[in-house]
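Hello,

Here is the structure I promised to pass on to you. Have a look at it first, and then read on for what turned up in it.

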Amino acid sequence: MHDRLVGESWMNAVGQPAPEGHGWVVLVGVDSWRAVLFARTDLGRMLPLPALLGRSLPPMGRGTYGVRMGFEGAAVDYDRFMGRYSELLSSPFSDFAGVQQGQRVLDVGCGPGALTAELVARLGAAAVTGVEPSVSYSAAARERFPGARIEMAAAGDLPFEDAEFDVALAQLVVHFMSDPVHDLREVARVVRPGGVVAACVWDHAGGTSPLSQFWEVLSTVDPDAPSESERPGTRRGQLGRYLAAAGLREIAETVLTVRVLHPTFEDWWQPYERGVGPVGAYIASLDDAGRLRLQHTLRSEMPPAPFEVTGSAWTARGTVPA
């Protein structure tokens with residue numbers, strides 16, 4: 001099933017069958033589409049299509065972050081995998097950003113709408129705009145929040161005029177930006193002087209993200225497996241430095257923590273198999289034996305059910321200068 005879907009995605013993107021030996025195709029871009037191949041056999045590398053097809057494609061803008069590593073699947077899969085944690089993060093993050101009635105707010109990298117739902121509940125749909133580079137996630141957000149404005153766009157190339165918003169929030173997005181300072185500077189451009197830009201990212205490097213137990217066990221099973229600990233914004237102080245480098249002032253930082261009780265191991269594990277994010281990309285790359293071996297090891301290492309998973313996120317905000 002996975003190979004068939006990959007083949008169909010590739011065919012839709014470039015109009016010819018997928019080459020042998022590769023397993024993930026995603027679309028990246030805003031006004032100009034560009035297809036990028038994610039190679040199963042090399043989880044750390046993104047292979048551009050021109051090199052494989054022998055022809056050029058429209059370029060991506062600088063700083064564009066892509067719909068990569070499993071971010072083009074069903075919205076419900078994201079809800080079950082990461083949404084169970086990010087939904088709980090949305091309220092304290094909105095509080096930290098100072099979201100209040102009467103504001104015009106931008107949700108950067110809104111996905112299928114975990115933070116968008118909180119913003120709509122606080123402000124009303126007409127006051128909320130979201131941007132998301134994933135085709136399926138942006139479509140899901142539009143369907144879920146018909147009164148909000150949802151654009152398919154990346155943080156580094158926003159389709160808005162200067163100073164359109166009072167607050168912009170990037171929840172669990174910065175670590176997927178190829179150039180966080182560039183992208184946050186672009187986000188600040190569309191926020192009015194005196195307005196706020198806020199961002200949060202799970203503490204992958206410090207080992208207190210909701211995925212840290214998975215990555216810790218995986219490192220013992222497969223020492224060469226990728227992790228998210230080197231991604232931008234996953235270390236203390238990084239988000240604040242990015243915001244300052246992007247021109248923001250009055251930087252403030254904190255840590256936000258959420259807790260989710262999982263009644264069974266299956267309740268925790270099964271969403272991991274849905275192909276979402278870097279975790280899902282890695283699991284999808286395994287054969288059946290490898291996946292069962294990983295599942296068995298995780299079952300033996302996780303606490304007896306029911307168990308609680310705690311996730312902490314580095315969080316920072318800055319003010320757009322006059």
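Let me start with a helix and the strands beneath it. Helix H4 (residues 114-123) lies across three strands, namely E4 (105-108), E5 (128-131) and E7 (165-171), and runs at about 170 degrees to E4. Please keep in mind that this is a predicted model. The buried residues of H4 are Ala114, Leu115, Thr116, Glu118, Leu119 and Leu123. Among the elements that cover those buried residues are H3, E4, E5 and E7. Just after H4 comes Gly124, which takes a positive phi of about 90 degrees.

For the wider setting, the protein chain holds 11 helices and 10 strands. It has 322 residues, of which 53% count as buried. If you take the contacts between residues at least 6 apart in sequence, 74% of them join residues at least 24 apart.

Now to the sheet. Seven strands form an open sheet with mixed pairing, and their order is E6-E5-E4-E7-E8-E10-E9. Its edge strands are E6 (149-151) and E9 (249-262), each of which pairs on one side only. On average, neighbouring strands of this sheet are turned by 20 degrees against each other, with direction ignored. In general, strands of a sheet pair through backbone hydrogen bonds, in either a parallel or an antiparallel way. Here, E9 and strand E10 (residues 307-319) pair in the antiparallel sense, over 12 bridges. If you would like a place to find that pairing on screen, Arg249 stands opposite Thr319 in E10.

A further helix to look at is H8 (residues 238-245), which lies across E8 (191-202), E9 and E10 and runs at about 20 degrees to E10. Which residues of H8 are buried? They are Gln238, Leu239, Gly240, Tyr242 and Leu243. The cover over these buried residues includes helix H6 (180-189) as well as E8, E9 and E10. Just after H8, Gly247 takes a positive phi of about 100 degrees.

The loop between helix H7 (212-221) and H8 is worth a visit too, and Thr234 lies in it. Is Thr234 buried or exposed? Its relative accessibility is 0%, so Thr234 counts as buried. A polar atom of the Thr234 side chain lies 2.8 Å from the backbone oxygen of Arg231. Leaving aside neighbours within four places in sequence, Thr234 is in contact with His175, Val201, Trp202, Asp203, His204, Ala205, Gly206, Glu228, Ser229 and Trp314.

Finally, a pair of helices. H3 (residues 75-97) and H5 (residues 135-144) pack with their axes 9 Å apart, at an angle of about 90 degrees. The two helices are therefore roughly perpendicular to each other. On the H3 side, the contact is made by Ala75, Val76, Tyr78 and Asp79, while H5 brings Tyr137, Ala140 and Arg144. Sorted by type, the residues of this contact divide into 5 nonpolar and 2 charged, with no polar ones.

I hope you enjoy looking around.

Best wishes

Notes
Residues are numbered from 1 along each chain as its sequence is written. This is a predicted model: local features need pLDDT of at least 70, side-chain atom pairs count only at pLDDT 80 or more; totals for chains, interfaces and linings use all residues. Side-chain values use heavy atoms; hydrogens and water are left out. Axes are lines fitted to C-alpha atoms, for helices over the stretch in contact, and angles run from 0 to 180 degrees between N-to-C directions. Helices (H or I, at least four residues) and strands (E, at least two) are DSSP runs, numbered from the N terminus. Angles under 35 degrees count as roughly parallel, over 145 as roughly antiparallel, 65 to 115 as roughly perpendicular and the rest as oblique. Contact means heavy atoms within 4.5 Å. Ala, Val, Leu, Ile, Met, Phe, Trp, Tyr, Cys and Pro count as nonpolar, Asp, Glu, Lys and Arg as charged, and the others, Gly among them, as polar. Two strands pair if DSSP finds at least two bridges between them. Buried means under 20% relative accessible area, exposed over 50%, partly exposed in between (1.4 Å probe, protein chains only). A polar contact is a pair of N or O atoms within 3.5 Å; within protein, one must be able to donate a hydrogen and the other to accept it, and residues adjacent in sequence count only if both atoms are side-chain atoms.
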